[in-house]
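Open your viewer, pick a plain cartoon view, and follow along stop by stop. Each stop tells you what to select and what you will find there.

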Amino acid sequence: MNAFFVIILVAVLVEFLLGVVSNLLNLSALRPEAPEGLEDVYEPEKYAKSQEYTKVNTGFDLITSTFKLALLLTFWLFGGFNWLDQIVRDWEFHVILSGVVYIGLLGIAYIVINLPFSIYKTFVIEAQFGFNKTTWGTFVMDRVKALGLAIVLGAPLLAAVLAFFEYGGDFAWLYAWVAITIVMLAIQFIAPTWIMPLFNKFTPLEPGELRDSILDYARSVNFTVNNIMVMDGSKRSSKSNAFFTGFGKNKRIALFDTLVDNHTVTELVAVLAHEIGHYKKKHIIQSMVVNAINGLIVFFLLSIFLRSEGLFDAFFMDEMSKYAGLLFFGLLYTPVDIVLSMAMQYVSRRHEYEADRWSVETYGRPNDLSGSLKKLSQDNLSNLGPHPFYVFLNYTHPPLKERIRAIERPSTS
């Protein structure tokens, strides 16, 4: 039996089973009473609602993942990849254009298949629990804009990668990695100004106590910020968040309007201190470096496996091609991706602890930071007692109880 076929099939099934087991364990961890120390987060009725929200989302995720796995296996085992490849080849495009069309058609098919799930998630589940504020017009335009970006930015980049591997010789993988890295860095700079405003309206925070408090804190930690923006998050959801994005002159702090409406000034500054902590602790740079190194390894391995007939035989292909090889290698890389994802989730949770500690030590208001996290949990109907295995696989942030315990812990420095 083809070794690549076995490895990929086992990897895909293991990934699916890990998700199923973690979801079932998470459901088993639900309790009718709030975890000790978090009794003040929810009123009893709203706590029960948060539990129901977790149950509904978990059930929906299990149905969605099962359907997508079944569809992938059916398409794969019945020769769907080769069938589509033969159709595209019959059109007799240039090999690079054929690759863009082949991958583009699969991408569009995925979008179409995923659309009913997105609609149900947005207009049924999120609406049921009072979160959804998205209109049908906004929903449609979001997807049209995303598709437009994929065409304008993604298609040329894909064509460039395919061209490198088609004509770049032994160092094609290195050229492709350099190109991808440069584009990703460029997007970090242009996203706040050109891409994000396509989806949301960003309004400068008005002069007043909040703006003055944020700027005073930023100066106290030697953090230069020219843009403090309020994002119309309520356009799509009543959930709250805050984030830091961009570099250099384009860096900005963004607050959801829902966050501004529901938190006190000191709570908001504590949250912003946390976000600035990520910058000061160089978490963003570290993540970018790790992703770049991972990309370098991926492209090097890709250059090796693109020449392997066995990889294409595993997908019942009549002919080898660079563009199909990109997709197949992505599936072959699944075991590594699973392990890497676990490691990155762990690192991300450590970074959250460090950013919390930065906020506490530089702003000096641990109760406000804890209070803001509790309000965010309320606003988002967060599960207060997730199962540790579910956290291990899925959480980029530590559970609320662990974060508050760390915030309240005296500094060891």
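What share of the 413 residues in the protein do buried residues make up? The answer is 45%. Keep in mind throughout that you are looking at a predicted model.

**Stop 1: the whole chain**

Start with everything shown as a cartoon. You should be able to trace 16 helices and 4 strands. The radius of gyration is 23 Å, close to the 22 Å that the globule rule gives for 413 residues, so the protein is as compact as a globular protein of that length. If you line up the view with the principal axes, the C-alpha trace spans about 65 × 50 × 45 Å. Among contacts with a separation of 6 or more, 76% join residues 24 or more positions apart.

Now switch on the surface. About 21,100 Å² is exposed, and carbon and sulfur atoms supply 64% of that area. Colour by charge if you like: the mean positions of the 34 positive and 38 negative charges are 5 Å apart.

**Stop 2: the two cores**

Hide the surface and select I214, Y217 and F223. These are the residues with the most contacts inside the largest nonpolar core, which has 51 residues. Add helix 9, residues 265-280, to the selection: this helix gives the most to the core, with 7 residues.

Next, centre on I214 and show its surroundings. Beyond its neighbours within four places in sequence, I214 is in contact with L205, I228, L255, V269 and L272. For a second, separate core, select V12, L62, W76 and F81, which are included in a set of 42 residues.

**Stop 3: M231 in strand 2**

Select residues 228-231, which form strand 2, and pick out M231. Is M231 buried or exposed? It is buried, with a relative accessible area of 7%, and that value falls under the 20% cut-off for the term. Show what surrounds this side chain: leaving aside neighbours within four places in sequence, M231 is in contact with N200, K201, F202, F243, L255, F256 and D257. L255 may look familiar, as I214 is also in contact with it. If you have the distance tool at hand, try M231 and A191: their C-alpha atoms are separated by 14 Å, with these positions 40 residues apart along the chain.

**Stop 4: two loop residues with positive phi**

Go to the loop between helix 7 (209-220) and strand 2, where you will find N222. N222 has a positive phi of about 60° although it is not a glycine. At 64% relative accessibility, N222 counts as exposed.

Then select F316, in the loop between helix 11 (309-313) and helix 12 (322-332). Here too phi is positive, about 60°, and F316 is not a glycine either. F316 is partly exposed, with a relative accessible area of 38%.

**Stop 5: S359 in helix 13**

For the last stop, show helix 13, residues 334-363, and highlight S359. Which residues does S359 touch, not counting those up to four places away in sequence? They are A270, A273, H274, G364 and L369. At 1% relative accessibility, S359 counts as buried. Turn helix 9 back on for this view, since its residues 265-280 take in the positions of A270, A273 and H274, which S359 touches.

Methods: Residues are numbered from 1 along each chain as its sequence is written. This is a predicted model: local features need pLDDT of at least 70, side-chain atom pairs count only at pLDDT 80 or more; totals for chains, interfaces and linings use all residues. Side-chain values use heavy atoms; hydrogens and water are left out. A nonpolar core is a set of buried Ala, Val, Leu, Ile, Met, Phe, Trp, Tyr and Cys residues joined through side-chain atoms within 4.5 Å. Buried means under 20% relative accessible area, exposed over 50%, partly exposed in between (1.4 Å probe, protein chains only). Contact means heavy atoms within 4.5 Å. The radius of gyration is taken over C-alpha atoms; the globule rule is 2.2 Å times the number of residues to the power 0.38. Accessible areas come from the Shrake-Rupley method with a 1.4 Å probe; for residues, only the protein chains shown count as cover. Lys and Arg count as positive and Asp and Glu as negative; His and the chain ends are not counted. The place of a charge is taken as NZ of Lys, CZ of Arg, CG of Asp or CD of Glu.
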